[in-house]
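Welcome! Here is a short guided tour for anyone meeting this protein model for the first time.

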Amino acid sequence: RPLIKGGKQGSPSDISRAHQICNTEPGWWDVAGGKLTTYRVIAEETIDAIAKDRGLKLPRCRTAIEPLIDAASNKYSGILPPPFSREAVEHFCREEWALNLEDVMLRRSSWHYYYSDAEAKARQVAEWMTEIFQWTPEQKKAQIARYSTCSQP
């Protein structure tokens, strides 16, 4: 997130977190500044600006107010990782497009960070994913090796 340089000098924490959306040349849009907590508002304003520039008659973007997920019906999203289970792995693969072992272990479930036996858990996840995706033994072995490499500190 590049900050917008203003006239005020100082540390990065002194720089304004205001954002700008600029069409600097045809087909190219720059989005700079903002705060992590306002990223959805910035995304909405960006889509609206592009639609207006292109002369598209679209309803206003609802990104800032549209829920990302229905928390009541999604037991796999939350602050803590879901319980370790085949059901969770199937959900991540079928509903959240997880395609790789590290995708499930690191990004979707965070199990890698919460279990001291993450390597063993990864091997079990690889077994389940092999059944789900019909991986060959070579593909499963490659997934485990890739996970082992990317999960090292």
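## How one helix packs

Let us begin with a helix and its neighbours. The buried residues of α6 pack against three other helices: α3 (101–108), α4 (111–114) and α5 (118–133). Please keep in mind along the way that this is a predicted model.

Which residues of α6 are buried? They are Gln143, Ile144, Tyr147 and Ser148. Looking down the axis of α6, you would find its buried residues within an arc of 130°, so they line one face of the helix. A general rule helps here: an α-helix has 3.6 residues a turn, so residues three or four places apart point the same way.

The face of α6 turned away from its buried side has another character, carrying the exposed residues Glu138, Lys141 and Thr149. As for its dimensions, α6 runs over residues 137–150, which makes 14 residues. From first C-alpha to last, α6 reaches 20 Å, close to the 20 Å expected at 1.5 Å a residue.

## The nonpolar core

Now for the inside. The largest nonpolar core has 21 residues. Val89, Leu101, Val104, Met105, Trp111, Val125 and Met129 are the ones with the most contacts inside this core. At least two core residues come from each of α2 (86–95), α3, α5 and α6. Which helix gives the most to this core? That is α5, with seven residues.

Leu101 is a good residue to zoom in on. Leaving aside residues up to four places away in sequence, Leu101 touches Ala122, Val125, Ala126, Met129, Trp135, Gln143, Ile144 and Tyr147. Among these partners, Gln143, Ile144 and Tyr147 appeared earlier as buried residues of α6.

## Salt bridges between helices

Charged side chains come next. How many salt bridges are there? The count comes to nine.

One of them joins Arg86 and Glu131, whose closest N and O atoms are 2.4 Å apart. Arg86 lies in helix α2 and Glu131 in helix α5, so the pair ties together parts that are 45 residues apart in sequence. Arg86 is partly exposed, at a relative accessible area of 27%, and Glu131 is also partly exposed, at 48%.

Another salt bridge brings together the side chains of Glu127 and Lys140, with an N to O distance of 2.4 Å. This pair also links distant parts of the chain, as Glu127 sits in helix α5 and Lys140 in helix α6, 13 residues apart. Glu127 counts as partly exposed, with 33% relative accessibility.

## A bridge within a helix, and a network

Asp103 and Arg107 form a salt bridge too, and their closest N and O atoms are 2.9 Å apart. Both residues lie in helix α3, four residues apart, about one turn of the helix. Is Asp103 buried or exposed? Asp103 is buried, with a relative accessible area of 8%.

This pair also belongs to something wider: Glu96, Asp103, Arg107 and Arg108 are linked in a network of salt bridges.

## The cysteines

One last stop on the tour. How many disulfides does a search of the whole structure find? The result is zero. Two cysteines are still worth a look: Cys22 is partly exposed, with a relative accessible area of 30%, whereas Cys93 is buried, at 7%.

Methods. Residues are numbered from 1 along each chain as its sequence is written. This is a predicted model: local features need pLDDT of at least 70, side-chain atom pairs count only at pLDDT 80 or more; totals for chains, interfaces and linings use all residues. Side-chain values use heavy atoms; hydrogens and water are left out. The expected span of a helix is 1.5 Å times one less than its number of residues. Buried means under 20% relative accessible area, exposed over 50%, partly exposed in between (1.4 Å probe, protein chains only). The arc is that of the directions from the helix axis to the C-beta atoms. Contact means heavy atoms within 4.5 Å. A nonpolar core is a set of buried Ala, Val, Leu, Ile, Met, Phe, Trp, Tyr and Cys residues joined through side-chain atoms within 4.5 Å. A salt bridge is a side-chain nitrogen of Lys or Arg within 4 Å of a carboxyl oxygen of Asp or Glu. A disulfide is a pair of cysteine sulfur atoms within 2.5 Å.
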